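Let's take a walk through this structure together, starting with its rings and then moving on to a helix and a single residue. Keep the 3D view open as you read.

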Amino acid sequence: MQIEEKPQPLNLGFWETFTAAPHRMMFFAGAVQLLLPLLFWTIELFGRYTQFWAPLELLIPATWVHGFIMLYGVFIFFIFGFLFTVYPRWMNGPLVPASSYISTFIWMCSGMLLFELGIFFNLFIAAIGIAIFMFGWALGQWALFKVYRAAPAQNKNYETILNIALTTGWLSAGSFLLWLLTDNWIYQAFSLKAGIWIFLLPILFTVSHRMLPFFTSSMVKDYVIVQPRLTLLIMLSASVLHLILDVAQLPQWLFLADIPMAVTAFYHTVKWGFMRSFVDRLLAVLHLAFIWLGIGMTLFSFQSLYLLISGELVLAKAPLHAITIGFFSTLLIAMASRVSLGHSGRLLILSTLSWVLFLGLQLTAVLRIMSDIVMINNLIAVNLNLIAAVLWLLCIAAWVMRYAPFYLSARVDNRPG
């Protein structure tokens with residue numbers, strides 16, 4: 001009779017553990033980068049809206065710093081950590097070498113640290129920081145491309161889209177660097193718009209298109225996977241069109257792009273089984289995050305049509321925050337939680353604490369949206385923007401305290417990785 005051997009404990013040092021898998025380094029850096037700008041932003045808003053202290057003294061406007069870090073300095077760490085892991089699996093390709101993801105981690109972290117110090121003291125240092133950060137980004141993207149090129153898989157549609165979006169994201173981050181070097185505000189404005197419409201939204205929708213039906217099919221009985229290529233084409237084309245109209249300063253015509261995106265998003269919300277996803281919390285958080293895409297694009301569509309008819313901009317940045325906080329941030333937390341549990345050897349079960357934290361993020365999005373609606377602000381005597389920022393910070397801080405230790409310690413099942 002053959003006796004199955006149990007995995008033996010791995011007595012690895014800290015560095016060997018930390019570098020054992022790409023998601024460990026990248027997710028840890030992303031968690032820190034997510035927490036720091038939220039702390040920075042909360043401090044800034046307290047300075048603006050209270051008498052506790054003065055607003056932070058920066059060499060460039062704090063709003064632009066907040067936008068750049070959140071768009072480029074946070075998500076890319078999680079994106080690389082995820083794609084370094086799944087690219088070889090999706091395409092049956094070679095693994096990403098440890099030397100590649102370690103180099104990417106070191107260069108990108110060093111660059112962001114210099115940038116975040118430079119905005120307080122010296123803009124040239126900040127510019128050098130972005131350049132170093134972009135060099136690390138390029139190393140990571142090259143590592144993914146080598147897997148893509150060597151993989152024998154015939155269907156690489158998802159990976160092709162992701163490669164293109166990573167490239168446009170890199171170029172869009174470079175536009176912010178050009179602004180620092182030339183002081184031409186057009187580069188800064190383009191960077192912050194492009195980071196949403198030709199970088200993060202295409203990547204997060206593509207990953208959702210690839211993964212949400214897959215995850216749902218493993219939990220829901222008699223589930224039919226729906227992944228039409230046409231909806232990918234519609235969403236990506238409309239997202240590019242939104243950017244073109246926005247850059248051309250034609251906000252009253254944005255509905256031409258936004259209505260197709262809203263319809264496409266809600267189509268997938270229904271077809272992917274939003275209501276059926278609540279059989280499992282870890283699955284439900286993914287679907288709850290995704291529904292914000294349809295909500296956000298509906299708000300964008302309404303705002304654009306109302307502007308065309310009346311000439312008034314009634315929702316301000318509410319649609320933007322439905323996308324960035326509601327869709328981007330909550331999908332990031334939902335996906336990162338799932339990967340962190342599974343790749344640390346833990347059961348794929350979302351704890352009650354994590355569920356409450358995720359619901360807190362939903363409330364954060366709602367409060368931030370409400371803060372941009374003048375009618376609501378006139379009725380409520382509290383600053384909803386500040387309350388949303390504090391709640392966002394508390395939820396993310398609690399999430400980081402819960403999940404960051406996973407990346408620094410060995411798997412609980414004593415397996416490698």
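This is a predicted model, and a search of the whole structure turns up 40 aromatic pairs. Take Trp 197 and Phe 300: they meet edge-to-face, with 5.4 Å from centre to centre and 70° between the planes. This pair ties together distant parts of the chain, since Trp 197 belongs to helix α7 and Phe 300 to helix α10, 103 residues apart. Both Trp 197 and Phe 300 are buried.

Rings also gather in a group here: one aromatic cluster includes Trp 64, Phe 68, Tyr 72 and Phe 77.

Some rings have a charge sitting over them, too. Here are two cases:

| Charged end | Ring | Distance to ring centre |
|---|---|---|
| Arg 338 | Phe 215 | 4.0 Å |
| Arg 402 | Tyr 403 | 5.7 Å |

Now for helix α9, which covers residues 255–271. Its 17 residues reach 23 Å from the first C-alpha to the last, close to the 24 Å expected. Which helices do the buried residues of α9 pack against? They pack against α7, α8 and α10. Among those buried residues are Phe 255, Met 261 and His 268. After α9 comes Gly 273, with a positive phi near 85°.

Last stop: Asn 385, found in helix α14. Is Asn 385 buried or exposed? Its relative accessibility is 11%, so Asn 385 counts as buried, the cut-off being under 20%. Asn 385 touches Leu 45, Tyr 49, Arg 368 and Ser 371, leaving aside residues up to four places away in sequence. With Arg 368 there's a polar contact between side chains, at 3.2 Å.

Key:
Residues numbered from 1 in each chain as written. Predicted model: local features only at pLDDT ≥ 70, side-chain atom pairs only at ≥ 80, totals over all residues. Heavy atoms only, no water. Helix = DSSP H or I, 4+ residues; strand = E, 2+ residues; numbered from the N terminus. Buried < 20%, exposed > 50% of the residue type's maximum accessible area, 1.4 Å probe, protein only. Contact = heavy atoms within 4.5 Å. Polar contact = N/O pair within 3.5 Å; in protein donor to acceptor, adjacent residues only side chain to side chain. Expected span 1.5 Å × (residues − 1). Phe/Tyr/Trp six-rings, centres within 6.5 Å; stacked < 30°, edge-to-face > 60°. Lys NZ or Arg CZ within 6 Å of the ring centre and 35° of its normal.
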